[in-house]
Amino acid sequence: MAEKLIFVRHGSLPSVYSNSFVGVHDLDLSDEGRADAAAVGRWLSGQAYGKVFSGTLLRVRQTREIASEYDPRLREFVADDRLNELDFGDWSLLKFDHLKQQYGTAFEHWNMGMADFTFPNGENIGHFIRRTRCVMEDLKRCDAETVVVFSHGGVLMSLIADAVGLSRKDVFRIWLERGGVALLRRGKEGAYRLTSMFRPADFE
């Protein structure tokens with residue numbers, strides 16, 4: 001079982017996508033996002049780890065690739081599309097204010113624990129829960145002592161919630177910024193605890 005998990009959220013996106021769901025759309029990192037990724041690479045270069053997993057969408061791939069310029073170990077990784085973001089369907093790339101106007105309470109009251117909720121023409125949350133929990137089980141069984149995972153906010157915050165025993169409906173109480181890193185360590189009883197969250201770019 002992995003003793004330590006290092007979760008990396010992809011770098012920042014162009015500001016036009018602020019306050020909106022991006023989901024499975026392939027978008028390039030912004031200049032800030034590229035700087036985020038470089039900072040992650042510099043930080044990871046000083047860490048010990050044994051295995052790397054990565055989502056397959058462009059912004060995650062770019063984050064890992066830019067980080068690998070500073071830490072070549074990141075060039076060897078396991079690509080896993082289960083680490084890709086939720087498909088928000090018709091809600092994708094729309095501003096939250098617009099969604100509130102168009103969908104009303106359906107937008108305001110959904111949460112990540114509603115297994116029977118399906119985004120219009122998008123993914124069912126129950127499916128998302130199952131696929132991300134399968135990822136977590138695989139991470140737990142990984143033979144590397146420390147594992148690095150590059151993914152998306154919704155995925156990583158969901159994995160953290162499961163790891164520390166927080167309900168999925170409360171996922172967004174754990175907010176990992178774009179370009180951020182979350183560190184989890186396994187305790188004596190086998191459960192993980194969240195030890196820190198930070199953006200390496202903020203400390204350079």
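1. Is the crossing in which α5 passes α6 left-handed or right-handed? α5 passes α6 in a right-handed crossing (clockwise turn of the near helix from the far one by less than a right angle; anticlockwise would be left-handed). Helices here are DSSP runs of H or I, at least four residues, numbered from the N terminus.

2. A word on the source: this is a predicted model, where local features need pLDDT of at least 70, side-chain atom pairs count only at pLDDT 80 or more, and totals for chains, interfaces and linings use all residues. Residues are numbered from 1 along each chain as its sequence is written, and side-chain values use heavy atoms, with hydrogens and water left out.

3. Back to that pair. Helix α5 covers residues 125-141 and packs against α6 at about 65°, with the axes 10 Å apart (axes are lines fitted to C-alpha atoms over the stretch in contact, and angles run from 0 to 180 degrees between N-to-C directions). The two are therefore roughly perpendicular (65 to 115 degrees).

4. Who touches whom? On the α5 side you'll find Phe128, Thr132, Arg133, Val135 and Met136, meeting Gly154, Val155, Ser158, Leu159, Asp162 and Ala163 in α6 (contact means heavy atoms within 4.5 Å). Sorted by class, that contact has six nonpolar, three polar and two charged residues (Ala, Val, Leu, Ile, Met, Phe, Trp, Tyr, Cys and Pro are nonpolar, Asp, Glu, Lys and Arg charged, the others, Gly among them, polar).

5. Now look at α1 (residues 31-44) and α2 (residues 58-68): they pack at about 50°, axes 7 Å apart. That makes α1 and α2 oblique to each other (not under 35, over 145 or 65 to 115 degrees). Their crossing is right-handed. Arg34, Ala37, Ala38, Val40 and Gly41 of α1 make the contact with Gln62, Thr63, Ile66 and Ala67 of α2.

6. Finally, α6 (residues 153-164) turns up again, giving three residues, the most, to the lining of the largest pocket. Eleven nonpolar, eight polar and five charged residues form this lining.
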